[in-house]
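Here are some friendly notes to read alongside the model. Keep the 3D view open and look for each residue as it comes up.

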Amino acid sequence: MSSKNVTSEVVSVDEQAFEKADEEVVDEDGFEVVDETPEFQATVQMEVQAKVDANHPDGMVDTSDERIYGATLEQEERIRAREAELERISARAEMGMQEGREKRTRDIAAKRSAERRVEFQKRAASVNPWADPERDDPRAELTQEQLAVVNKQSMRLAEKLDGWSRAAIGRRMGEAVVDGKDLMSAVVGVFEELQTAPGQVVPIGMLEGVNRKEVSIEGTVTQLWESSSSAISQVGLIEDESGRTKLTSWVASDQPWIEEGERVRIHGAAKNWYNGRVSVALTGWSTVMFPERGRWWE
């Protein structure tokens, strides 16, 4: 019995392609087929420019003091754009956390502030029972007739008192009535109390009863006279419908000049006493306004 030794050789795909590349390809008529597909190749100028872009310092990307060679300007722009986008995403995420933290902080601060206010009001209730935050509105204890009068008078006083709402005035009247005052005494007492409250323009005739060092007044400077002191800029009298008092403007206060017969509104005037009578003086902290100065229709 005869035997044959079969030897098989494994040829790779690349080798087969290399061998076929050497073979001529002919068509059905026996003519050689020529591949007319143009082959694009970089020109010498393009190759030189590519090397310049890849190796020029402006065409390299710095990363932690290490430069990545081989990156063109276009590639560097894409890399930087991607890094910038990642930074924006990170910043937005961080800001979102911060905004949430700020809101939580504000909520906690507001809660603690409300708690402190309630504690303060409870301590104040030991002196003024109406300051107790748990006590109901005093107007709820009034009769229908009393409530009608309080509402009517609070509307009238709200037109005369700057900075006081109808509700605040009505509540103060209700407190006075519940404490035992008759309606008319409550109206007069609340009006006088709020009229001389801090920040209100106090009638000049009521300055003596104001227990503060600074007051706000409005009136007409009816008389000015020469001062015997070089430290005084102006001195005279200011009056309104309720009374009059002495007004002094010190040189150091650097206040505007006031003409005789001019109407002025003064905030933060210092209250003093002169020969047993109350007087006011302008200081550097005072504010002087002229309601009628510069009116175009005059």
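1. Let's begin with a term: a cavity is a set of grid points where a 1.4 Å probe fits but cannot get out. This is a predicted model, and it holds 1 cavity of 30 Å³ or more. About 40 Å³ of space lies inside the largest cavity.

2. Which residues line the largest cavity? Try picking them out in the viewer: Val221, Leu224, Gln234, Val235, Gly236, Leu247, Thr248, Ser249 and Ile258. Sorted by class, this lining has 5 nonpolar and 4 polar residues, with no charged ones. Three strands, β3 (214-225), β4 (232-240) and β5 (243-250), each give at least two residues to the lining.

3. Now step back to the whole protein, which has 6 helices and 8 strands. Reading from the N terminus, the order of elements is α-α-β-β-α-α-α-α-β-β-β-β-β-β. Among contacts with a separation of 6 or more, 45% join residues 24 or more positions apart.

4. How much of the protein is buried? Of its 298 residues, 24% are buried. The accessible surface comes to about 22500 Å², and 51% of that surface belongs to carbon and sulfur atoms.

5. Next, have a look at the largest nonpolar core, which has 18 residues. Within this core, Leu207, Ile217, Leu247 and Ile266 touch the most other members. The strands β3, β6 (263-274) and β7 (277-282) each supply at least two of the core's residues. A second, separate core has 13 residues, including Val150, Ala176, Phe191 and Leu194. Leu247 is worth a second look, as it belongs to the largest core and also lines the largest cavity.

6. Leu207 is a good residue to click on. Leaving aside residues up to four places away in sequence, what does Leu207 touch? Its partners are Val202, Val215, Ile217, Thr245, Lys271, Val278 and Val280. One of these partners, Ile217, is also among the core residues that touch the most other members.

7. Finally, find Asp179 in the loop between α5 (166-178) and α6 (183-195). Why is Asp179 classed as exposed? Its relative accessible area is 55%, and exposed means over 50%, so Asp179 falls in that class. In sequence, Asp179 and Pro138 are 41 residues apart, while in space their C-alpha atoms are 9.5 Å apart.

Definitions and conventions
Residues numbered from 1 in each chain as written. Predicted model: local features only at pLDDT ≥ 70, side-chain atom pairs only at ≥ 80, totals over all residues. Heavy atoms only, no water. 1 Å grid on protein atoms, 1.4 Å probe; cavity = no way out; pocket = protein on both sides within 12 Å on 5 of 7 lines; lining within 4 Å. Points joined across faces, edges and corners; volume = space filled by probe spheres on them. Helix = DSSP H or I, 4+ residues; strand = E, 2+ residues; numbered from the N terminus. Nonpolar A, V, L, I, M, F, W, Y, C, P; charged D, E, K, R; others polar. Core = buried A, V, L, I, M, F, W, Y, C linked by side-chain atoms within 4.5 Å. Buried < 20%, exposed > 50% of the residue type's maximum accessible area, 1.4 Å probe, protein only. Contact = heavy atoms within 4.5 Å. Areas by Shrake-Rupley, 256 points an atom, 1.4 Å probe, with all protein chains shown as cover.
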